Amino acid sequence: MSAMTDRKPRAGQSRVTLNDVAAHVGVSAITISRALNKPALVTDSLRQRIDDAVRQLGYVPNRAARSLASARSHSVVVLVPSLSNAVFVDTLAAIHDTLYPRGYQTLIGDTRYAPQDEETLLRTYLEYNPDGILLTGFDQNDAASTLLRSADIPTVHMMELDDSGRYCVGFSQFDSGYALTRQLLDKGYRRIGFLAAQLDPRTIKRGEGYRAALREAGLYQPHREIAEAQPSSVGQGARLLDELLRQAPDCDAIFCNNDDLALGVMFECQRRHIAVPEQLAIAGFNNLEMSAWTNPALTTVATPRYAIGAAAANMLLTLMAGEQPAQPQQDLGFQLLLRGST
């Protein structure tokens with residue numbers, strides 16, 4: 001924890017500069033500027049050395065500094081995996097509600113669950129000299145991590161927790177997966193399947209919680225799991241149920257890694273005249289609005305999506321003011337909602 005508390009939020013002079021790149025390559029800053037702005041004016045070999053140095057050091061041109069070196073942009077970068085997923089729509093709404101009244105605009109980017117896209121967006125948005133950054137999760141690639149270190153801009157991670165010294169607001173994905181599976185076991189279900197899509201780090205951790213609970217009970221069987229890397233959808237839930245019932249037809253309950261899949265499973269059960277929960281219990285994750293209105297209502301895990309956005313934005317405001325947050329890691333927890341589907 002000491003690494004977290006010793007870190008200073010933002011020292012305006014500590015980001016990698018053109019002079020740093022020049023010193024690394026062994027040429028003048030004017031040459032570096034010429035190579036970046038008009039690559040054809042330098043040799044191929046020199047341009048390659050400069051490109052390598054830019055990547056290695058994490059240098060990003062500062063557009064705001066070109067017009068006013070001391071300017072604050074009053075902008076915050078917010079990167080989420082999806083702009084259509086209701087999970088992140090709620091979080092973005094909270095971030096806007098918190099930052100906008102304080103005079104901050106948000107630069108929102110959709111990473112599409114791809115670390116390379118996240119790196120590209122970071123590189124682009126850092127040119128606008130943002131005052132802070134809000135990221136989803138911790139799975140940035142090496143290049144993105146280098147950019148963040150070099151920029152030295154206050155950054156808060158959302159949706160997950162971490163003990164490496166980074167500022168974050170979220171809940172334990174592992175514990176939530178474990179708790180829901182444990183609840184199904186406590187209700188007497190013994191042949192519990194698991195359906196997953198997208199396979200982002202949060203989904204993977206929920207699956208780890210599922211396995212841990214079943215292993216403790218001596219009931220884990222790998223053939224009851226199906227996971228696909230494709231984006232999640234209601235239709236995919238129906239297709240995955242068909243596949244699961246072909247390889248494990250005796251499942252008595254299914255834990256779906258999100259409500260989209262769970263709704264697809266429920267609709268397919270209705271189409272096949274599989275009684276829920278008498279023949280097959282179904283549980284989801286995230287508590288989307290529709291989940292309370294299915295028949296039967298869907299058991300799920302309520303995640304504090306709006307609260308996470310608000311808390312992360314408030315933590316970032318504290319860091320941007322040059323202060324340390326009272327809780328550098330905020331665990332907002334989760335809630336099991338036990339409904340008719342189980």
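This passage describes the aromatic ring pairs in a predicted model.

A search of the whole structure turned up six aromatic pairs. Among them is the pair of Phe171 and Phe334, whose ring centres are 6.5 Å apart and whose planes meet at 55°, a tilted arrangement. Phe171 belongs to the loop between strand E5 (168-170) and helix H9 (173-186), while Phe334 belongs to the loop between strand E11 (329-331) and strand E12 (335-337), so this contact ties together parts that are 163 residues apart in sequence. The two partners can also be described by their accessibility. Phe171 has a relative accessibility of 2% and counts as buried, whereas Phe334, at 31%, counts as partly exposed.

Another pair is formed by Tyr210 and Phe255. With centres 6.4 Å apart and planes at 65°, these rings are edge-to-face, because an angle over 60 degrees falls in that class. Here, too, distant parts of the chain are linked: Tyr210 lies in helix H10 (residues 201-216) and Phe255 in strand E8 (residues 253-256), 45 residues apart. Tyr210 and Phe255 are both buried.

A look at the surroundings of this pair widens the picture. Tyr210 and Phe255 belong to a cluster, joined by ring pairs, that also takes in Phe194 and Tyr220. Tyr220 has a charged neighbour as well: the charged end of Arg215 sits over the Tyr220 ring, 4.5 Å from the ring centre.

Key:
Residues are numbered from 1 along each chain as its sequence is written. This is a predicted model: local features need pLDDT of at least 70, side-chain atom pairs count only at pLDDT 80 or more; totals for chains, interfaces and linings use all residues. Side-chain values use heavy atoms; hydrogens and water are left out. Rings of Phe, Tyr and Trp (its six-membered ring) pair if their centres lie within 6.5 Å; planes under 30 degrees apart count as stacked, over 60 as edge-to-face and the rest as tilted. Helices (H or I, at least four residues) and strands (E, at least two) are DSSP runs, numbered from the N terminus. Buried means under 20% relative accessible area, exposed over 50%, partly exposed in between (1.4 Å probe, protein chains only). A charge sits over a ring if NZ of Lys or CZ of Arg is within 6 Å of the ring centre and within 35 degrees of the ring normal.
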